[in-house]
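Student: Can we walk through this model together? I'd like to go sheet by sheet and then look at the pocket and the odd backbone spots.

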Amino acid sequence: MSDSIKTAVILTNLGTPDKPEASAVKRYLREFLSDSRVVEGKGLRRIAWLAVLNFIILNLRPRKVAKLYRSIWEDDSPMRKILNEQVTELQLLLQQRYETAPCVFAGMTYGSPSLKNRLESLASHGYQRVLVIPMYPQYSATTTAPIYDQVARFQLGRREVLDIRIVKSFYNHPAYINSLAQSIRSFRQSAHSADKLMLSYHGIPKEYADKGDPYPQQCHQTSVLVAKALGLSENEWVTTFQSRFGPAQWLQPYTDKTLESLAQKQVKAIDVVCPAFTADCLETLEEIAEENKEVFHKAGGESYQYIPAVNSSQAFIAALMTLVQEQAADWLKVDNQADEKK
């Protein structure tokens, strides 16, 4: 790689409010839920949704959500803190390997630091090559596709476009499966053994899957590969989907209903992990770790343990390093002296 060609890596996650306050949550939710990729619909259906969003949801939900954020907020949002840690750790690993290592940055689809502003800043500072890694192992039109949309809109506004590559998914990548399996194995070795492992994924409306979104199939494939890596038999694990919203049918089986059913079937101890999340956030720390724990206990369950996301674990940072090497090998120049020191 020529030293004159500046290269960057952007780790991109969904986003988070700037502060645990109702006004900040309202700004974030408006941006997030106004995206037609997130809540689909055209014509009258789109108009109806925007009316519900602006006149009902954004007037009622921000105060409640802000309160939940305050319960997990320590100096900053967990998602943003973890994303920054991932950036730092990946940067260090790249610098150990490459003579002119690409610079690693954080970006958010919604909220700050925004992907749009990050791309504009990189362009203004002379970067010509950018690898974008969405922090979603499984592809969905509701999460990964908006990143493609934003990159496309950015390129449309430029006379000379940047050379931008995007990692579409890594749900079945051996390095990611290994990092997830290591995380689960490490947790279970230091905790009480559970009867069953639940792999719970963020849900999407069934309508989206019926139209061709590959997300559910990729989730199930991740679960199969993780179970195989852990040596689990079929009756030792289950895949479910969480966080449904509104009256429409979402991907099933539902996490909360499955927890109730398992407890009633005398499953007394369960471990829950969320393989669609590479960083813990409000959803994992509140809904999964706390609310669903209460659901399980009320139904008769005794032991409920949430296994943290891969976050900035050594194995996951190594997985990100592998993705960079695979996707941008022709952009990188290996530091042979670093190799000799190993």
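Tutor: Sure, and one term before we start: contact here means heavy atoms within 4.5 Å. Keep in mind that this is a predicted model.

Student: With that in hand, which strands does H4 lie across, and at what angle does it run to S1?

Tutor: Start with the sheet itself, an open one of four strands in the order S2-S1-S3-S4, with parallel pairing. H4 lies across S1, S2, S3 (127-134) and S4. Its direction relative to S1 is about 165 degrees.

Student: Which strands of that sheet stand at the edges?

Tutor: Read the order again: S2-S1-S3-S4. An edge strand has a single partner, so one side of it is left without a neighbour in the sheet. Those strands are S2 and S4 (163-166).

Student: What is the bridge partner of Ile10 in S2?

Tutor: In general, strands of a sheet pair through backbone hydrogen bonds, either parallel or antiparallel. S1 (residues 6-16) and S2 pair in the parallel sense, over eight bridges. For Ile10, the partner in S2 is Phe105.

Student: At what angle does H5 run to S4?

Tutor: H5 lies across S1, S2, S3 and S4. Angles here go from 0 to 180 degrees between N-to-C directions. For H5 against S4, the value is about 175 degrees.

Student: On to the other sheet: which strand does S7 pair with over four bridges?

Tutor: This open sheet has four strands in the order S6-S5-S7-S8, and the pairing is parallel. S6 (237-242) and S8 (303-306) are the edge strands with a single partner each, so one side of each lacks a neighbour in the sheet. Within the S7 pairing, Ala269 stands opposite Ser303. The strand that joins S7 (residues 269-273) over four bridges is S8.

Student: And which helix lies across S5, S6, S7 and S8?

Tutor: Look at residues 255-264. That helix runs at about 165 degrees to S5 (196-202). Its name is H9.

Student: Now the second largest pocket: which element gives the most to its lining?

Tutor: The second largest pocket has a volume of about 260 Å³. Two or more lining residues come from each of S2 (103-111), H4 (115-124) and H5 (145-156). The top contributor, with five residues, is H5.

Student: How many residues of that lining are charged?

Tutor: Among the lining residues are Glu31, Asp35, Lys116, Asp149 and Arg153. The lining also has three nonpolar and three polar residues. The charged count is six.

Student: Which residue meets Asp149 in a salt bridge?

Tutor: The whole structure has 12 salt bridges. In this one, N to O is 2.8 Å, inside the 4 Å cut-off. The pair links distant parts of the chain, 112 residues apart, with Asp149 in H5 and its partner in the loop between H1 (22-33) and H2 (43-72). That partner is Arg37.

Student: Last one, the backbone: which residue in the loop between S6 and H9 has a cis peptide bond leading into it?

Tutor: Most residues other than glycine have a negative phi, and most peptide bonds are trans. Ser243 lies in that loop, and its phi is positive, near 65 degrees. Elsewhere, a cis bond joins Ser112 and Pro113, with omega about 0 degrees. In the S6 to H9 loop, the cis bond starts from Gln252, with omega near 5 degrees, and leads to Pro253.

How values were computed:
Residues numbered from 1 in each chain as written. Predicted model: local features only at pLDDT ≥ 70, side-chain atom pairs only at ≥ 80, totals over all residues. Heavy atoms only, no water. Pairing = 2+ DSSP bridges. 1 Å grid on protein atoms, 1.4 Å probe; cavity = no way out; pocket = protein on both sides within 12 Å on 5 of 7 lines; lining within 4 Å. Points joined across faces, edges and corners; volume = space filled by probe spheres on them. Nonpolar A, V, L, I, M, F, W, Y, C, P; charged D, E, K, R; others polar. Salt bridge = Lys/Arg side-chain N within 4 Å of Asp/Glu carboxyl O.
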